[in-house]
Amino acid sequence: MTTAPIADRTTAVAARATDLSKIYGQGETQVVALDRVSVGFRQAEFTAIMGPSGSGKSTLMHCVAGLDTFSSGSVRIGETELGSLKDKQLTRLRRDKIGFIFQAFNLLPTLSALENITLPMDIAGRKPDQQWLDTVIRMVGLSDRLSHRPSQLSGGQQQRVAVARALASRPDIIFGDEPTGNLDSRSGAEVLGFLRNSVRELGQTVVMVTHDPVAAAYADRVIFLADGRIVDEVYGPTADSVLDRMKRFDAKGRTS
Ligand SMILES: Nc1ncnc2c1ncn2[C@@H]1O[C@H](COP(=O)(O)OP(=O)(O)OP(=O)(O)O)[C@@H](O)[C@H]1O
Ligand SMILES: [Mg+2]
């Protein structure tokens, strides 16, 4: 008999970390940023990663996304073990299979919205799938802003360009480190809505680091990190249930 949730048995895993550790420095100055973390990210699932500052959220995301090396354990994107790849292969995997959305939108100021969206594919020498590109642009509501430069767009619109850029190449998984951290709550809600739609309607897999319980409530599940370890996991989060969980962390932190 298995006790795994049904989704575990029926849905493929887009990325998985097993016993993943990341240690910075040595001796007295050693910091264990990740302490044997095991976690899977299922296809077409939206996961939020939460936890206090310094708990290892960005480190986990960067290691799983192939942006950073790790000390021990393993990471798989689809069927590929990251540890087995040479630098060039890792670069190619990142380019072909992974999308990124950063807190600072990282758009090129001299390019139009459309040119920014297709830039990664242009660099890779790949032709965008026009139908898919149209779907993505329609979904993020940028159809009438495509020739605008980033400076002519609001913060929310710029981040929507970044979301479209991440979606455009149909990556296996999209990672965002506080993708709404620089947005007002209305623009943030728009971007989170698009991310959730991309999961629901397009089957995209999304992993997002956030400090905001309202943002986390857009996800299908929330994993909580503390001191480099996963300490809890909540399915079907609401802003209230997430806030409740965070308060318990705070109480623990103060009494210890
Ligand atoms: N380059 C580095 N050298 C040494 N220690 C580091 C380095 N990068 C991160 N750390 C440490 O690793 C731990 C985890 O950092 P990480 O950036 O993953 O935290 P975080 O949960 O993303 O925090 P925040 O919410 O503030 O972004 C922290 O204690 C941090 O000081
Ligand atoms: Mg961080």
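A strand here is a DSSP run of E residues, at least two long, and strands are numbered from the N terminus. Val75 sits in one of these, strand β4, which covers residues 72-77. Keep in mind as you look around that this is a predicted model.

## Val75 in strand β4

How does Val75 score for accessibility, buried or exposed? Its relative accessibility is 0%, and buried means under 20%, so Val75 counts as buried.

If you want a feel for distances, pair Val75 with Arg138. The two are 63 residues apart in sequence, and their C-alpha atoms are 34 Å apart in space.

## Around ligand 1

Which residues surround ligand 1? Going along the chain, there are Tyr24, Val31, Ala33 and Pro52, then the run Ser53, Gly54, Ser55, Gly56, Lys57, Ser58 and Thr59, and finally His211. Sorted by class, that shell has 7 polar, 4 nonpolar and 1 charged residues.

Some polar atoms of the protein can be matched with atoms of the ligand. Tyr24 has a polar side-chain atom 3.5 Å from a nitrogen atom of ligand 1. Gly56 uses its backbone instead, with a polar atom there 3.0 Å from an oxygen atom of the ligand. For Thr59 it's the side chain again: one of its polar atoms lies 2.5 Å from an oxygen atom of ligand 1. On its own, ligand 1 would expose 640 Å², and the protein buries 59% of that. Two elements give two or more residues to the shell, namely strand β2 (31-42) and helix α2 (57-64). Of the elements, α2 gives the most, with 3 residues.

## The largest pocket

Now over to the largest pocket, which has a volume of about 420 Å³. Its lining is made up of 14 residues, and those nearest the pocket's centre are Arg95, Ile98, Phe100, Pro120 and Arg165. Which elements give two or more residues to that lining? They are α3 (87-97), β6 (98-101), α4 (113-124) and α6 (155-168). By class, the lining splits into 7 nonpolar, 4 polar and 3 charged residues.

Phe100 is worth a click. This pocket residue lies in strand β6. Its relative accessible area is 16%, and the cut-off for buried is under 20%, so Phe100 is classed as buried. Follow the chain for 41 residues from Phe100 and you get to Gly141; the C-alpha atoms of the two are separated by 19 Å.

## Two positive phi angles

Asp19 isn't a glycine, yet it has a positive phi of about 50 degrees. You'll find Asp19 in strand β1, residues 13-24. Its relative accessible area is 42%; partly exposed runs between 20% and 50%, so Asp19 gets that label.

Ala44 is another residue other than glycine with a positive phi, this time near 60 degrees. Where is Ala44 placed? Look in the loop between β2 and β3 (46-50). Ala44 has 37% relative accessibility, so it counts as partly exposed.

Methods
Residues numbered from 1 in each chain as written. Chains lettered and ligands numbered in written order. Predicted model: local features only at pLDDT ≥ 70, side-chain atom pairs only at ≥ 80, totals over all residues. Heavy atoms only, no water. Near = heavy atom within 4 Å. Polar contact = N/O pair within 3.5 Å; in protein donor to acceptor, adjacent residues only side chain to side chain. Areas by Shrake-Rupley, 256 points an atom, 1.4 Å probe, with all protein chains shown as cover. Helix = DSSP H or I, 4+ residues; strand = E, 2+ residues; numbered from the N terminus. Nonpolar A, V, L, I, M, F, W, Y, C, P; charged D, E, K, R; others polar. 1 Å grid on protein atoms, 1.4 Å probe; cavity = no way out; pocket = protein on both sides within 12 Å on 5 of 7 lines; lining within 4 Å. Points joined across faces, edges and corners; volume = space filled by probe spheres on them. Buried < 20%, exposed > 50% of the residue type's maximum accessible area, 1.4 Å probe, protein only.
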